[in-house]
Amino acid sequence: MGAHPSPSSPGAGGTPTSTSVPTPGTGGGGSTGGQSQDGLQAGLKNRHLSMIAIGGVIGAGLFVGSGAGIAAAGPGILLSYALTGLLVVLVMRMLGEMAAASPTSGSFSAYADRALGRWAGFTIGWLYWFFWSVVLAVEATAAAAILTGWVPAVPQWAWALLVMIVLTGTNLISVGSFGEFEFWFAGIKVVAIVVFIVVGALAICGLPPGGAPVGTENLTGHGGFLPHGPGAILSGMLLVVFSFMGSEIVTLAASEAPNPVQAVRKAVNSVIWRIALFYLGSIAVIVTLLPWNSKAVEKSPYVAVLQSLDIPYAGTVMDVVVLTAVLSCLNSGLYTASRMAFSLGQRGDAPKSFATVNKGGVPAVAIWASVAFGFVATIFSYTSKDTIFQFLLNSSGAVALFVWLVICFSQLRMRRVIERETPERLTVRMWLYPWLTYATIGLIVFVIGYMFYNPDGRQQMVLSVVAAVVVLAVGLILDRRRPRTAVADGAGAPGVGAGVTDRA
């Protein structure tokens, strides 16, 4: 378990010179027993994967950040969520197609490596690791703020440290302990959202705990459905797009499940109703029951709805739910960052020690490296909140869009390779290929362009592009220093044919 992967295995520092995508259970992170081919412990149960898939789209941003979106777009924020949700559904369909054919701990980074070249896998993998490592600091700080409100005698920094230590411990013990924590964290989030929607729907219909039927006054009054004009839909998208980051985690976690292909297929097929229910359903309840321009809605929309219905202890209840969402995001963020670092280590794009596993079958070095960066970022969140920490936030802010764009381009090429070499493993198919893939690319590029145009998103996009260029430059420099072996077009692993090198 603690040994380095064999150099001949996929991603272990050399792209295999045989053509095929590794078969599940023999090279793609699948499992035929208690250990996956890459050394990770296949300790996630089906219920873990199911809840990770369901709860993965419910982040703390939905409970807290949705207020800013409603203030920016009014009831039209529903269209912002719908368009962003459609984008996520399409990207997840593409990712699911590749992940079902070849489950791996590197997910889209490994596919970009094969389909587009080593530079692409290196760049998007490290950017993704950077994003989630910064998220660790964000979530630890948010959790500490809530806990300090409950127990003010304990300093906020101490709560942040405690939360990081506890969840680091759960990730180090085994992937099963991570899965168990995430199962209950996600379960609480799901139950909270479902109860909120049911209670809200009853109130909208004039049933207890509400009064008379609400009607459409709050949707069409107060300036109309689009009080700030159609352009506010795009502004709303910029505010909500990053709250969807995390839906792809299940494709990384699937490689540590007994049946990764089935887990990916179920997650991809359920993403539509998950987004429709949790995001569109709950936001629809908010903007229907309360005026969109209410200060209470902007500050804390879910608490505002519960308080308007005279639900006792609404603030405390939502604090518990938000804390759970924050801890869930921190827990899964640490898992995700470590698995991406593990995959980068396997492929020779990170220190080899990142690709080692401990007796529990988890990549301890990769976990500690991610935690270390998270700790440093957390310190900056207290000591340099408006300078260094703000720079970290802005320079990682647009990574979600870069990840989605790379997934689209990877799927365009991987689909042709899979159809040619192993069509029987194309169990999940992107709809209307390749035209819907092209349309998705166009929509993502449009959103990126709008971020450059919009004053509120420009700084974030510029700094994120700078970060991406720096990582890409490092990747290209390292790639030039590695031995190159030309491979005939179409004769190598997916993505190797067009001159991508064999990694000796």
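A crossing of two helices is called left-handed if the near helix is turned anticlockwise from the far one by less than a right angle. That term will be needed below for pairs of helices in this model, which is a predicted one.

It helps to begin with the chain as a whole. Its secondary structure comes to 20 helices and zero strands, and buried residues make up 60% of the 504 residues in the chain. Among the contacts in the chain with a separation of 6 or more, residues 24 or more positions apart account for 79%. Turning to the outside, the chain exposes about 18,800 Å², and carbon and sulfur atoms supply 69% of that area.

The packing of helices can now be taken pair by pair. Two packed helices are described by the angle between their axes and the distance between the axes. Helix α6, which covers residues 118-150, packs with helix α17, residues 388-396, at an angle of about 135 degrees, and their axes are 10 Å apart. Because of this angle, α6 is oblique to α17, and the crossing in which α6 passes α17 is left-handed. On the side of α6, the residues that meet the partner are F130, F131, V134, A137 and V138, while α17 contributes F389, L392, L393, S395 and S396. Sorted by class, this contact of α6 with α17 has eight nonpolar residues, two polar ones and no charged ones.

Staying with α6, one may ask which residues I124 touches once those up to four places away in sequence are not counted. I124 has its place in helix α6, and its neighbours by this count are F108, S109, A112, F402, V403 and V406. With a relative accessible area of 3%, I124 is buried, because buried means under 20%. The C-alpha atom of I124 is separated by 9.3 Å from that of D113, a residue eleven positions away along the chain.

A second pair is formed by helix α7, residues 156-173, and helix α16, residues 364-383, which pack at an angle of about 170 degrees with their axes 11 Å apart. An angle over 145 degrees counts as roughly antiparallel, and so α7 is roughly antiparallel to α16. The contact is made on one side by Q156, W157, A160, L161, M164, I165, T168, N171 and L172 of α7, and on the other by A364, I367, W368, V371, G374, F375, T378 and Y382 of α16. The residues of this contact of α7 with α16 divide into twelve nonpolar, five polar and no charged.

A third pair consists of α18, residues 399-421, and α19, residues 435-453. The axes of α18 and α19 are 10 Å apart, and the two helices pack at an angle of about 155 degrees; they are therefore roughly antiparallel to each other. The crossing in which α18 passes α19 is left-handed. From α18 the contact takes in L401, F402, W404, L405, C408, F409, Q411 and L412, and from α19 it takes in T437, Y438, T440, I441, I444, V445, V447, I448 and M451. The classes in the contact of α18 with α19 are 14 nonpolar, three polar and no charged residues.

Helix α19 also appears in the surroundings of helix α10, residues 231-240, where A232, I233, G236, M237, L238 and V240 are buried. These buried residues of α10 pack against α19, and they also pack against α3 (66-73) and α4 (77-101).

The loops remain to be visited. In the loop between α18 and α19 lies P434, and the peptide bond from Y433 to P434 is cis, with omega near 0 degrees. Another cis peptide bond runs from P208 to P209, with omega near 15 degrees, and P209 lies in the loop between α8 (175-204) and α9 (217-220).

What is the phi value of D310, a residue in the loop between α14 (301-308) and α15 (314-346)? Phi of D310 is near 60 degrees, which is a positive value in a residue other than glycine. Y313 has its place in the loop between α14 and α15, and phi of Y313 is near 55 degrees, again a positive value in a residue other than glycine. Exposed means over 50% relative accessible area, and so D310, at 66%, is exposed, while Y313, at 67% relative accessibility, counts as exposed too.

Definitions and conventions: Residues numbered from 1 in each chain as written. Predicted model: local features only at pLDDT ≥ 70, side-chain atom pairs only at ≥ 80, totals over all residues. Heavy atoms only, no water. Axes fitted to C-alpha atoms, helices over the stretch in contact; angles between N-to-C directions. Helix = DSSP H or I, 4+ residues; strand = E, 2+ residues; numbered from the N terminus. Parallel < 35°, antiparallel > 145°, perpendicular 65-115°, else oblique. Contact = heavy atoms within 4.5 Å. Nonpolar A, V, L, I, M, F, W, Y, C, P; charged D, E, K, R; others polar. Buried < 20%, exposed > 50% of the residue type's maximum accessible area, 1.4 Å probe, protein only. Areas by Shrake-Rupley, 256 points an atom, 1.4 Å probe, with all protein chains shown as cover.
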